[in-house]
Amino acid sequence: MAELFPSRLLAGSPYPLGATWDGLGTNFAVFSAHAEEVELCLFDPSGRRQIACLTLPECTDEVWHGYLPNARAGLIYGYRVHGPYDPQNGHRFNPHKLLLDPYARQLAGELRWSDVMFGYRVNSPRADLSFDRRDSAAGNFKAVVTTETFNWGDDEPPNIPWSETVIYEAHLRGLTILRGDLLAPERGTFAALGDPALIDHLRRLGVTTIELMPVHAFAQDRHLLQKGLRNYWGYNSIGFFAIEPQYLSTGRSNEMRVAIRRLHAAGLEVILDVVYNHTAEGSELGPTLAFRGLDNASYYRLVESDRRRCVNDTGTGNTLNLSHPRVLQMVMDSLRYWVTSFHVDGFRFDLGVTLGRESYGFDPGAGFFDALRQDPILARVKLISEPWDIGPGGYQLGQHPPGFAEWNDRYRDGLRRFWRSDPGQRPDFAARLSGSSDIFDRRSRCPWASINYAASHDGFTLMDTVSYADRHNEANGEDNRDGMTENYSANWGVEGASDDPDITQTRTRLRRAMLATLIFSHGTPMLLAGDEIGRTQRGNNNAYCQDNEISWIDWSLAQSPDGKLMIDFVSRLLALRRDYPVLRSRHFLHGKQELARGVKDISWFNYHGESIPGDLWNNPGKSSIVLRRAEKNSDGRVVALTLLLNPIGEPREFQLPSPHVPSCVLIDSNDPTVMPYDLNEDKITVMPHSAVLLRGFHESLG
């Protein structure tokens with residue numbers, strides 16, 4: 001293969017960045033502002049033997065580039081970069097370390113950990129001020145030149161309105177690895193994601209959008225491998241343009257495209273959870289795999305008073321510097337790539353506050369947000385932020401610009417505390433039920449900006465929320481010191497699994513009540529995959545390193561009586577949400593509009609059917625609540641849906657608020673088998689830990 005290549009590269013072009021095959025050869029372009037020389041290293045098809053090392057001949061606007069005639073798709077390559085090794089000024093160039101192309105669209109090989117992967121001598125008394133001259137090529141990832149063709153046919157994005165969106169958060173591997181109805185080699189991959197059996201389950205539930213935990217190529221952590229564990233979640237990105245190889249059963253990226261095309265054909269959207277806040281290279285004491293060796297001082301935020309150190313707003317050791325135009329360009333190029341080449345429908349940004357940081361702190365007008373909002377491609381897809389990080393002023397819920405939705409952890413905590421019967425929860429819980437207008441009703445934002453959830457990948461599952469009072473993360477090997485300390489959970493008598501019928505009945509009632517509350521709240525509901533069948537992580541609330549049965553969904557639960565009932569129940573809840581727009585209002589309701597005599601667009605009552613006086617909202621002994629929402633139908637009548645919530649451990653009789661009209665009980669979380677029925681009186685008994693939804697019609701005022 002080597003004899004096909006000239007001894008020198010042609011000048012090539014600085015654009016586009018990455019390796020671009022044109023049919024006759026390949027153009028290579030990589031950014032480095034402080035490098036003195038960049039070498040392109042070529043490898044044999046095994047990736048084990050370096051067969052050539054050619055200097056990129058040109059540097060234009062800090063982009064090093066060259067063109068290699070006859071270089072075809074499939075060629076394996078990496079970079080070696082020469083420049084100052086001066087950690088105290090932020091520079092960590094070391095040409096002995098092979099570097100992965102940040103724009104690599106396919107990876108070859110695996111990261112094989114050893115001290116050679118570090119740019120300094122790990123055990124030296126001078127620590128990272130020392131210099132390591134050993135070649136790291138044998139242990140590092142390498143890039144592959146690719147060519148991408150795919151027939152999308154008549155594929156169209158579902159373009160589901162935000163107000164109709166229901167998200168299903170899932171880990172690609174854990175979602176299907178235990179599904180016995182799928183082909184064994186395809187389980188845990190994109191091939192399984194596009195299987196009709198899985199798509200049928202999603203459609204039966206009634207969700208509209210699947211949100212996948214990170215599928216970008218990521219690195220395994222050395223400390224986890226030493227403990228016999230693996231990074232399961234994948235929040236450790238090393239390639240922002242490449243699919244994690246283990247998620248492709250065929251090894252080809254078109255497998256992901258096929259899955260997305262099938263999901264789109266079924267009317268389902270795909271959102272990617274993306275990690276642009278940090279990389280897998282860790283702190284200043286971490287390995288040199290790509291960005292650090294290409295231009296540490298440009299790619300990472302460094303402490304101004306000590307540029308040897310990385311800013312650690314992410315808790316991972318480093319923070320990508322999105323204030324730098326080339327780093328921001330890389331992120332924007334990556335996002336556009338996934339939309340244009342894979343037709344993804346949106347993104348959830350891990351630690352979104354970090355992406356919106358400038359040198360002075362978080363700014364909703366930061367360059368990242370401005371770039372996204374003006375981009376003609378990206379401004380049209382769904383954008384979701386995790387609105388916190390661990391840096392100064394890191395909690396920014398509600399402070400993102402218009403066009404963004406945000407994970408609302410205050411909804412999760414308020415929901416759990418209300419159904420745990422914590423005292424004094426009514427005022428805050430009422431705000432969460434009505435779309436968290438106290439947080440999001442600004443700058444013309446809408447209720448959908450609040451991503452409401454009872455559970456997510458980060459923390460307890462829904463089943464564990466009602467089964468454990470404390471975390472049980474011993475399997476993580478950190479002496480149970482990792483993960484959230486406060487889960488707002490309760491075990492209802494026994495820590496963990498129980499065969500006590502009273503305890504299991506209470507837990508089941510609470511799970512149904514919380515799901516009903518979630519789906520009937522204003523905002524965008526998000527379900528954690530497996531919660532519809534009672535998935536447990538055995539009390540582990542930080543299962544990031546559990547690539548095993550702790551994290552994987554046990555689909556045999558779906559065949560249990562409880563699992564079947566819960567799937568049907570969730571399906572009915574989501575059908576009601578679709579059928580009654582007032583449950584998913586596109587605008588915040590403030591109780592200022594009277595639609596029928598005595599019926600406002602939104603009203604709150606106690607279980608006596610009386611409006612709650614201001615001084616009683618905070619009464620710690622009062623917990624039950626009634627929410628009535630109303631809207632005018634196309635036939636001129638006003639439909640009112642009344643949600644009755646009883647979080648206490650005993651039945652409670654609710655007097656229905658006036659004006660009294662014939663009502664229909666649409667659903668009762670206490671007994672999911674009961675179909676809608678007419679209520680012929682103005683009161684109803686709501687069982688312990690249960691939610692009931694009623695419908696009534698009123699004559700419009702005009």
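How much space lies in the largest cavity? Here are a few friendly notes on that and on one helix pair, bearing in mind that this is a predicted model.

1. The largest cavity holds about 130 Å³ of space. The structure has five cavities of 30 Å³ or more, so do look at the others too when you open the model.

2. If you would like to find the largest cavity on screen, start from His-171, Met-213, Leu-528, Arg-535 and Ser-551, which are the closest to its centre among the 15 residues of the lining. Two elements give two or more residues each to this lining: strand 12 (167-170) and helix 1 (172-176).

3. As for the chemistry of that lining, eight of its residues are nonpolar, five are polar and two are charged.

4. Now to the helix pair. Helix 14 (residues 501-520) and helix 15 (residues 561-579) have axes that come within 9 Å and cross at roughly 20°. Because angles under 35 degrees count as roughly parallel, the two helices are described as roughly parallel to each other. Their crossing is right-handed.

5. On the helix 14 side, the contact is made by Thr-508, Arg-511, Arg-512, Leu-515, Ala-516, Ile-519 and Phe-520. Helix 15 brings Asp-562, Met-566, Phe-569, Val-570, Leu-573, Leu-574, Leu-576 and Arg-577. Sorted by class, the contact between helix 14 and helix 15 has ten nonpolar residues, one polar residue and four charged residues.

Definitions and conventions: Residues numbered from 1 in each chain as written. Predicted model: local features only at pLDDT ≥ 70, side-chain atom pairs only at ≥ 80, totals over all residues. Heavy atoms only, no water. 1 Å grid on protein atoms, 1.4 Å probe; cavity = no way out; pocket = protein on both sides within 12 Å on 5 of 7 lines; lining within 4 Å. Points joined across faces, edges and corners; volume = space filled by probe spheres on them. Helix = DSSP H or I, 4+ residues; strand = E, 2+ residues; numbered from the N terminus. Nonpolar A, V, L, I, M, F, W, Y, C, P; charged D, E, K, R; others polar. Axes fitted to C-alpha atoms, helices over the stretch in contact; angles between N-to-C directions. Parallel < 35°, antiparallel > 145°, perpendicular 65-115°, else oblique. Left-handed = near helix turned anticlockwise from the far one by under 90°. Contact = heavy atoms within 4.5 Å.
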